[in-house]
Amino acid sequence: MFVVSLTYKVPDEIVDFHRPAHMAWLEDAFNDGVFLASGRRVPATGGVLLSKVDRATLDESLAKDPFFSNGVAEFEIIEFTATTVAEGYENLLEN
């Protein structure tokens, strides 16, 4: 599983300019099963994505994100294996 942490590198007005395209990409990625969850960081300095696809699929999807292709954010990808989860989140465990 992967946690992707996005950190904005540009002023808010540039982030806001690219946000509609980023949200359209994100919707497509969710429809393709790439992500399990997404959201803004608090404070709003970037975002976080949770994915359970393989690394190649994740990298391919992230390369299409307008925040990546336009240099809006830097991406940190953290891989981990969920070994314990709360009831109802068993789908996050490795099979």
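**Group meeting: a four-stranded sheet, its helices and its aromatic pairs**

Good morning. I begin with one strand pair: E1 and E3 run antiparallel to each other and are joined over six bridges. Please keep in mind throughout that the model before you is a predicted one.

Within this pairing, Ser5 faces Val48 of E3. On the other side of the hairpin, Val48 of E3 also has Gly39 standing opposite. As a general reminder, the strands of a sheet pair through backbone hydrogen bonds, in either a parallel or an antiparallel sense.

Let me now place these strands in the whole sheet. The sheet is open and has four strands in the order E2-E3-E1-E4, with antiparallel pairing. Its edges are E2 and strand E4, residues 73-79, each of which pairs on one side only. From one strand to the next, the twist averages 15 degrees.

I turn to E2 and E3. Strand E3 comprises residues 46-51, and its antiparallel pairing with E2 extends over five bridges. Two facing positions may serve as landmarks here: Ala37 stands opposite Leu50 in E3, and Arg40 stands opposite Gly47 in E3. The two strands form a hairpin, with five residues between them. The loop between E2 and E3 contains Pro43, and the peptide bond leading from Val42 to Pro43 is cis, with omega near 0 degrees. For context, most peptide bonds are trans. As for accessibility, E3 is mostly covered, since five of its six residues are buried.

Next, the helices. What does H1 touch when it packs on the sheet? The strands in question are E1, E2 and E3, and the direction of H1 makes about 160 degrees with that of E2. Helix H2, residues 55-62, also packs on the sheet; H2 touches E1, E2, E3 and E4, and its direction makes about 170 degrees with that of E4.

This brings me to the nonpolar core. The largest such core has 17 residues, and the members touching the most other members are Trp25, Phe35, Leu49, Leu58, Leu62 and Phe67. E1, H1 and H2 each supply at least two residues of this core. For Leu49, the contacts beyond four places in sequence include Phe2, Val3, Val4 and Leu6, as well as Trp25, Phe35 and Leu62.

Trp25 and Phe35 also lead us to the aromatic residues. The structure holds four aromatic pairs. In one of them, the rings of Trp25 and Phe35 are edge-to-face, at 5.7 Å centre to centre and with 70 degrees between the planes. Trp25 belongs to helix H1, residues 12-31, and Phe35 to strand E2, residues 35-40, so this pair ties together parts that lie 10 residues apart in sequence. Trp25 and Phe35 are both buried. Together with Phe30, Trp25 and Phe35 form one aromatic cluster.

Why is the pair of Phe68 and Phe75 classed as edge-to-face? The ring centres of Phe68 and Phe75 are 5.6 Å apart and the planes stand at 80 degrees, so the pair falls into the edge-to-face class, for which the planes must be over 60 degrees apart. Phe68 has 45% relative accessibility and therefore counts as partly exposed, a class that ends at 50%.

Finally, I return to Ser5, which lies in strand E1, residues 2-8. Is Ser5 buried or exposed? Its relative accessible area is 15%, and Ser5 is therefore buried, the limit being under 20%. The side chain of Ser5 makes a polar contact with the side chain of Arg41, at 3.3 Å. If residues up to four places away in sequence are set aside, Ser5 touches Arg41, Gly47, Glu74, Phe75 and Glu76. Among these is Phe75, the ring partner of Phe68 that I described a moment ago.

That concludes my presentation, and I thank you for your attention.

Technical notes. Residues numbered from 1 in each chain as written. Heavy atoms only, no water. Phe/Tyr/Trp six-rings, centres within 6.5 Å; stacked < 30°, edge-to-face > 60°. Buried < 20%, exposed > 50% of the residue type's maximum accessible area, 1.4 Å probe, protein only. Polar contact = N/O pair within 3.5 Å; in protein donor to acceptor, adjacent residues only side chain to side chain. Contact = heavy atoms within 4.5 Å. Pairing = 2+ DSSP bridges. Axes fitted to C-alpha atoms, helices over the stretch in contact; angles between N-to-C directions. Core = buried A, V, L, I, M, F, W, Y, C linked by side-chain atoms within 4.5 Å.
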